[in-house]
Amino acid sequence: MKRTDTITKAISFVLFAAFAIYLLVFAFRTLDGNLVMAEAVTSELSAGGTASGIIIRSEIVLEGYDTYLSTSLSEGEKVAKGGNVAVSMSGEAGLLRERRIKELEADIEYISSARKLAEIRSDFTAHSQQVDIGIRDLRFAVAAHDAGGIVSGASQVKALFFGAGDTDISEAHLNELKTELQSLKSSYSADSEPLLAPEAGLFSFNLDGYEHLGPDDLGKLLPSELEELIDDKEEVSENAYGKLVTGNYWYFASVMTVPDAGNLSVGSYVALDFGRYLSENVYAKVISIGPREDGRCCVVFRSDKKLSELLPFRKLSASVVFQEYRGIRVPSEAIRTDDKTETTFVWVNTAMKLERKNVKILYCADGYVIVERGAEASALREGNMVVVRGKNLYEGKIIHE
């Protein structure tokens, strides 16, 4: 019996020792290797403020004094100095003649396109290429606000997709229309007078009473002085039928808080976000920053971008983007500093081993940072699992799940 008890006790001791060792190892791993990790993700952040004010352009009001007037341009269309802007007529007959001229020009454009395209319609490859070209040309015309190009492009695309339909596209009919158009154009008499552009610019129908304001009115204004300018709205003449926006620039005179304006400097460029009024940000130059008044100041921006798209708008608010950060976002706790080199880095789980990756911090926020996306192969990448918390971390350490 004694011999049996000794063996049993020995086995029990071995099992107990093994269990104790397991508990110690488990406890050590729990205290030393229980890591908290997070995924590195791509992030974009914009830092900015708000500006509220008015868009100012160099504008000339166009007036016509006859009862009947027909404009020759569409909204946002470019015109050269001396170009035809409108036709002024003293009688209704002249107005009807002008309308017929526009109808004939559109019909001739459409039939001419349909005749050209009828020749290639049987060739599928050529027709497909022509469709691509037609859509491209129409897109360019719309982007350039070229009214003539839009009419021509639309006629061509319509003919490409739908053919001529029931329209007579014979050469005889085309010549008839051209003859009628020539006859009408040569029949201008004393009752009709072309109105010419005094300067080159963009034509617009939008008249709002601020056309008298120009860039020369925008010095280093106080906010109260800018507000007085905005209140100085004039009555629109009953003879005015449109305006010409001359020059290549528009100005945004705005009021900002002093802290927001403190992020700007004269001569620098920022992005203006006009929200629903414009589909994308516009880069503008800071022209002037006025004196402080009640915690605010007047900031004037200048840009030559999106001039035609902003023609319908005058009083607006915009988000002024001082700085844009694009990089990789990681929790703030994941950032560590090498005491010897003062280099910032993160620990990354790479194939179940810890790997150190140096990072450059672009922006610090509450609870996270944005670091630069490096070009080298060893740089931190989107999707890497970074260590947020853990003890006894070192290069090559085995990660226990």
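This note goes through strand pairing, salt bridges, surface charge and a few loop residues in a predicted model.

1. Strand 2, which covers residues 41–63, is a convenient place to begin, since its pairing with two other strands can be described residue by residue. With strand 12 (residues 315–331) it runs antiparallel, and 14 bridges join the two. Within this pairing, serine 52 has serine 317 of strand 12 as its bridge partner. Strand 2 is also joined to strand 8 in the antiparallel sense, here by eleven bridges, and in that pairing leucine 62 has glycine 242 of strand 8 as its bridge partner.

2. Strand 12 also takes part in a pairing with strand 9, antiparallel and carried by three bridges. Strand 9 pairs in addition with strand 10 (residues 282–289), again in the antiparallel sense, over four bridges. Leucine 272 can be used to follow both pairings, for it stands opposite valine 282 in strand 10 and opposite valine 320 in strand 12. As a reminder when viewing these strands, side chains in a regular strand alternate between the two faces of the sheet.

3. The whole structure contains 13 salt bridges according to the search. One of them joins glutamate 44 to arginine 326, with the closest N and O atoms 3.8 Å apart. This pair links distant parts of the chain, since glutamate 44 belongs to strand 2 and arginine 326 to strand 12, with their positions 282 residues apart in the sequence. Both glutamate 44 and arginine 326 are exposed. The N to O separation deserves attention in any reading of this pair, because a salt bridge is counted here when the nitrogen is within 4 Å of the carboxyl oxygen, and the value for this pair is 3.8 Å.

4. A second salt bridge brings together the side chains of glutamate 59 and lysine 243, at 3.5 Å from N to O. Glutamate 59 lies in strand 2 and lysine 243 in strand 8, so the pair ties together parts that are 184 residues apart in sequence. Glutamate 59, with a relative accessible area of 11%, is buried, and lysine 243 is likewise buried, its relative accessible area being 0%. Buried is used here for values under 20%.

5. A third salt bridge is formed by glutamate 227 and arginine 296, whose closest N and O atoms are 3.0 Å apart. Because glutamate 227 lies in helix 6 and arginine 296 in strand 11 (residues 296–303), this pair ties together parts 69 residues apart in sequence. Glutamate 227 is partly exposed at 34% relative accessible area, and arginine 296 is partly exposed at 26%. Elsewhere, salt bridges that share partners join Arg57, Glu59, Asp208, Glu211, Lys243 and Arg314 into one network.

6. On the surface, a patch of negative charge gathers Asp216, Asp217, Glu225, Glu228, Asp231, Asp232 and Glu234. Aspartate 232, one of its members, sits in the loop between helix 6 (223–231) and strand 8 (240–257). Its relative accessibility is 38%, and aspartate 232 therefore counts as partly exposed. Residues with a salt bridge are left out of such patches, a point to keep in mind when comparing this patch with glutamate 227, which has a salt bridge with arginine 296.

7. Asparagine 263 is placed in the loop between helix 7 (258–261) and strand 9 (269–273). With a relative accessible area of 49%, asparagine 263 is partly exposed, a label that depends on the cut-off, since exposed is reserved for values over 50%. The C-alpha atoms of asparagine 263 and glycine 48 are separated by 8.4 Å, although the two residues are 215 residues apart along the chain.

8. Two residues other than glycine have positive phi and may merit a look at the backbone. For glutamate 342, phi is near 60°; this residue lies in the loop between strand 13 (336–337) and strand 14 (344–350), and at 66% relative accessibility glutamate 342 counts as exposed. For asparagine 392, phi is near 50°; the residue belongs to the segment after strand 18 (385–389), and asparagine 392 is exposed, with a relative accessible area of 51%.

Definitions and conventions. Residues are numbered from 1 along each chain as its sequence is written. This is a predicted model: local features need pLDDT of at least 70, side-chain atom pairs count only at pLDDT 80 or more; totals for chains, interfaces and linings use all residues. Side-chain values use heavy atoms; hydrogens and water are left out. Patches are made of residues with over 30% relative accessible area and no salt bridge: like charges are joined within 9 Å, nonpolar side chains (Val, Leu, Ile, Met, Phe, Trp, Tyr) within 5 Å. Accessible areas come from the Shrake-Rupley method with a 1.4 Å probe; for residues, only the protein chains shown count as cover. Lys and Arg count as positive and Asp and Glu as negative; His and the chain ends are not counted. The place of a charge is taken as NZ of Lys, CZ of Arg, CG of Asp or CD of Glu. Buried means under 20% relative accessible area, exposed over 50%, partly exposed in between (1.4 Å probe, protein chains only). Two strands pair if DSSP finds at least two bridges between them.
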